[in-house]
Amino acid sequence: MPLDLAFHSPQVLWGLLLVPVLLVQAWRERRQRAVLRFSGAHVFARQGRGLRVHLLPVLPVVRALAVAAALIALARPQSRDARVRDLSVEGIDIVVALDLSTSMEAGDFRPQNRLHVAKEVLAEFISNRVNDRIGLVVFAGAAYTQAPLTLDYGVVREVLKQIRTRVLEDGTAIGDALATSLNRLRDSEAKSRVVVLITDGDNNAGKISPLDAASMAESLKIPIYTILVGKGGKVPFPQGQDLFGNTVWRDTEIPINPELLQDIASRTGGEYYRATDPEGLKQGLQKVLDSLERSKLMEGGASATYREDFHPYLLAAFGLAALELLLRATFLRVFP
């Protein structure tokens, strides 16, 4: 028996005191068993005792061992793993503000548009997180929280899959998006909190100016990392479909304001990135993570893990019980 063996229900082991009682009871039954009387027993006495006679006292011992093994199994012996598991969870609270304005339909990432590529990269980004809480804010002419901070990455990915353009009032309300994101982080107790803004345009809507939102972030000590998506200048933009159902593209000038995004990032202690292709967007998100300090959301201490070891005792109990029944029914059968 291992030295580090413990029992989940040690009180069951008090039942082992019944084992000697069973042995005594079996001995008394054997002494009181009825016998056949013969007028000439001396004939049998000369034959000596056979093997069966010597083995009969073993049957109560086998039964007692079966009961003892069953009681030990019921007490659920457990052995402690030598490795101690660290329950401390490190992570960052991240709110992603994603632009859903119609300009995100631009096809400079063809064959997919900007939004499709951004969703794919974000989904992969979320899948690679372990202990970071993720929240999602979408915006166009207004901003809304689509997913609060959560560790349930499956829910966030499902929400991300459902979002599309032309659902919200069109526009690019960067200030409102940042304010909504900061509001989600305001009550967070995580040491590292961050907003990641993904947009392809200039602020042209909303009630809060981007620089006012940046001042709010500065006072809350929340850095804002800005990622400008798109190649800039004239880019292919869908203008409808032709007679065959194919998308008609026309080069359209979509205004961007990288200076504003740089200013927001600079004021808040964040960084500005430019993503002109899917790989650039992926690298931008990774650089955001690399630049952040890991923080602990929970201090869970440490705990040892235990492994259930009742199986061999339970098998032994069934095996010994079956052996006793088999011997009683065959080789050691007693008559009467």
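**Figure 1. Arg129 and Asp132 are joined by a salt bridge.** In this predicted model, the closest N and O atoms of the Arg129–Asp132 pair are 2.9 Å apart. Both partners are buried, Arg129 as well as Asp132. As a reminder for this and the next two views, side chains of opposite charge can pair when their charged atoms come close. A search of the whole structure finds 10 salt bridges, and the Arg129–Asp132 pair is a salt bridge with both residues buried.

**Figure 2. Asp108 meets Arg114 in a salt bridge.** Here the side chains of Asp108 and Arg114 come together with an N to O distance of 2.9 Å. Asp108 has a relative accessible area of 8%, so it counts as buried. Arg114 is buried too, because its relative accessible area is 2%. Arg114 also belongs to helix α5 (residues 114-127), a helix you will meet again in Figure 4.

**Figure 3. Helix α11 holds a salt bridge between Glu324 and Arg328.** Take a look along helix α11, which covers residues 311-329. Glu324 and Arg328 sit 4 residues apart on this helix, about one turn, and their closest N and O atoms are 2.7 Å apart. How buried or exposed is each partner? Arg328 has 33% relative accessibility, so it counts as partly exposed, whereas Glu324 is buried because its relative accessible area is 6%. Arg63 joins in as well: salt bridges with shared partners link Arg63, Glu324 and Arg328 into one network.

**Figure 4. Helices α5 and α10 cross in a right-handed sense.** The two helices shown are α5 (residues 114-127) and α10 (residues 278-290), whose axes come within 10 Å and cross at roughly 40°. Which residues make the contact? From α5 come Val117, Ala118, Val121, Leu122, Glu124 and Phe125. On the side of α10, the contact is made by Pro278, Leu281, Lys282, Leu285 and Leu289.

**Figure 5. Val156 is a buried residue of helix α6.** Helix α6 spans residues 153-162, and Val156 is found in it. With 1% relative accessibility, Val156 counts as buried, because the cut-off for buried is under 20%. What does Val156 touch, leaving aside residues up to four places away in sequence? Its contacts are Ile126, Ile134, Ala147 and Thr150. Gly135 is also worth finding in this view: Val156 and Gly135 are 21 residues apart in sequence, and their C-alpha atoms are 7.5 Å apart in space.

**Figure 6. Leu23, Val58, Val61 and Leu65 make a nonpolar surface patch.** This patch covers about 300 Å². Helix α4 (residues 58-74) gives the most to the patch, with 3 residues. Leu23, another member of the patch, is found in helix α1 (residues 18-31). Leu23 has 34% relative accessibility, so it counts as partly exposed.

**Figure 7. The whole chain gives the setting for the close-ups, with 11 helices and 13 strands.** The chain has 336 residues, of which 41% count as buried. Its accessible surface comes to about 19,500 Å², and 55% of that area belongs to carbon and sulfur atoms. How many of the contacts between residues at least 6 apart in sequence join residues at least 24 apart? The share is 81%.

Methods: Residues numbered from 1 in each chain as written. Predicted model: local features only at pLDDT ≥ 70, side-chain atom pairs only at ≥ 80, totals over all residues. Heavy atoms only, no water. Patch = residues over 30% accessible without salt bridge, like charges linked within 9 Å, V, L, I, M, F, W, Y side chains within 5 Å. Areas by Shrake-Rupley, 256 points an atom, 1.4 Å probe, with all protein chains shown as cover. Salt bridge = Lys/Arg side-chain N within 4 Å of Asp/Glu carboxyl O. Buried < 20%, exposed > 50% of the residue type's maximum accessible area, 1.4 Å probe, protein only. Contact = heavy atoms within 4.5 Å. Axes fitted to C-alpha atoms, helices over the stretch in contact; angles between N-to-C directions. Left-handed = near helix turned anticlockwise from the far one by under 90°.
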